[in-house]
Amino acid sequence: MYRILVYGLGKEYDKHVNLLKAGELLGKFCVKGVTRSNGWIYKHVDGYPFIPVEEIGWQDYDIFVIAAEMGSPSYADIRKVVLSKGISENKIIPVAAFSIPYFDLDKYMEISDMSIFALNCWGGLTYHSLHLPFRSPLINMFMNEYEYIKMMGNLRWYMEQPVTFSYWGDGVHGGKYPVGRLGDVLLHFNHASKFEDALADWNRRKERINYDKIYAMMFTQKTDVAELFDKLPYNKVCFTPFKNNNIRCAHYIAGGGY
């Protein structure tokens, strides 16, 4: 059974405390205490012991739940405190994760440090849906199918190459976006307006890659592309508008969309 410390007692805690209580009934975890940075006048909160930050035994817990909105300054501050105590990042999860339908803490911990390399925005949307930090630079961008497979086939080498500006691409709804060059492949940063911003995001997220737990995803309408993708040595899925039992990673989607 996981021993949990909840850090934060603001609106995110209030919003999710009943989910924590319900989850405890399943017997997978137990909230051993709650805390906050600014102290508290009570000894218990919703039946949980309040533990002042300076009295926390940091090695006494398996999981640290941050009860603050992910991406907010409060979340960043709490995360910084927890990491400074020698706690590994894969033991930190946001309280919002408990709101995922059919949430299973065991399964969540298995994927919490996963790096998703998706050909399109699916990766970023999946990270958002799971309330997980981006552990991949392929966020808010897309690539040519063949170049994506080429990059994934020699991933470590490509991740060591610098990204340089190539040209301005035409957005679907008008406007321009920066296109970067990574070795001999192109990166379409179609959600960015400045190359400098896209480059900063790429380099920051690249440092978080977990090469031992990569999950690859793509969509294609071409059989040869799906066959090439199927040869990559990763856990993966390829969404296709056709059925082909010979392509193990292919997942048929009726209508040709996703």
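In this predicted model, Asp-104 forms a salt bridge with Lys-28, the closest N and O atoms being 3.8 Å apart, where a salt bridge is a side-chain nitrogen of Lys or Arg within 4 Å of a carboxyl oxygen of Asp or Glu. Asp-104 lies in the loop between β6 (92–94) and α3 (105–111), and Lys-28 in the loop between α1 (11–25) and β2, so the pair ties together parts that are 76 residues apart in sequence; helices (H or I, at least four residues) and strands (E, at least two) are DSSP runs, numbered from the N terminus. Asp-104 counts as partly exposed at 24% relative accessibility, and Lys-28 counts as partly exposed at 34%, given that buried means under 20% relative accessible area, exposed over 50%, and partly exposed in between (1.4 Å probe, protein chains only). Lys-28 and Asp-104 are also linked with Asp-106 in a network of salt bridges. Residues are numbered from 1 along each chain as its sequence is written, and side-chain values use heavy atoms, with hydrogens and water left out. Because the model is predicted, local features need pLDDT of at least 70 and side-chain atom pairs count only at pLDDT 80 or more, whereas totals for chains, interfaces and linings use all residues.

By the salt-bridge rule the count comes to 11 salt bridges. In general terms, side chains of opposite charge can pair when their charged atoms come close. Another such pair is made by the side chains of Arg-3 and Asp-62, which meet at 3.1 Å, N to O. Arg-3 lies in strand β1 (residues 2–7) and Asp-62 in the loop between β4 (48–49) and β5 (63–66), so this salt bridge ties together parts that are 59 residues apart in sequence. Arg-3 is partly exposed, with a relative accessible area of 34%, and Asp-62 is likewise classed as partly exposed, at 24% relative accessibility.

A further salt bridge joins the side chains of Asp-113 and Lys-213 at 2.8 Å, N to O. With Asp-113 in the loop between α3 and β7 (115–118) and Lys-213 in the loop between α7 and β11, the pair ties together parts that are 100 residues apart in sequence. Asp-113 counts as buried at 14% relative accessibility, while Lys-213, at 29%, counts as partly exposed. Asp-113 is also touched by Asn-210, a residue found in the loop between α7 (195–206) and β11 (214–219). Asn-210 is buried, with a relative accessible area of 17%, and, not counting residues up to four places away in sequence, touches Ser-115 and Arg-135 in addition to Asp-113, contact meaning heavy atoms within 4.5 Å. A polar atom of the side chain of Asn-210 lies 3.1 Å from the backbone nitrogen of Asp-212.

Turning to the nonpolar interior, the largest nonpolar core has 36 residues, of which Ile-4, Val-6, Tyr-13, Val-34 and Phe-98 touch the most other members; such a core is a set of buried Ala, Val, Leu, Ile, Met, Phe, Trp, Tyr and Cys residues joined through side-chain atoms within 4.5 Å. Beyond residues up to four places away in sequence, Tyr-13 touches Val-6, Gly-8, Val-34, Val-45, Asp-46, Tyr-48 and Ala-67. A second, separate core of 34 residues includes Val-163, Val-185, Trp-202 and Ile-247.

Val-163 lies in strand β8 (residues 163–170) and counts as buried at 8% relative accessibility. Leaving aside neighbours within four places in sequence, Val-163 is in contact with Gly-180, Arg-181, Leu-182, Leu-187, Phe-189, Phe-195, Leu-199 and Trp-202. The C-alpha atoms of Val-163 and Leu-187 are separated by 8.6 Å, the two residues being 24 residues apart along the chain.

Tyr-148, placed in helix α5 (residues 145–152), counts as buried at 0% relative accessibility. Residues up to four places away in sequence not being counted, the contacts of Tyr-148 are with Phe-117, Ala-118, Leu-119, Leu-138, Met-143, Ala-216, Met-217, Met-218 and Phe-229. Tyr-148 and Gly-71 are 77 residues apart in sequence and 29 Å apart in space, C-alpha to C-alpha.

At the surface, Ile-41 has its place in the loop between β2 (29–35) and β3 (44–45) and, at 73% relative accessibility, counts as exposed.

Definitions and conventions:
A polar contact is a pair of N or O atoms within 3.5 Å; within protein, one must be able to donate a hydrogen and the other to accept it, and residues adjacent in sequence count only if both atoms are side-chain atoms.
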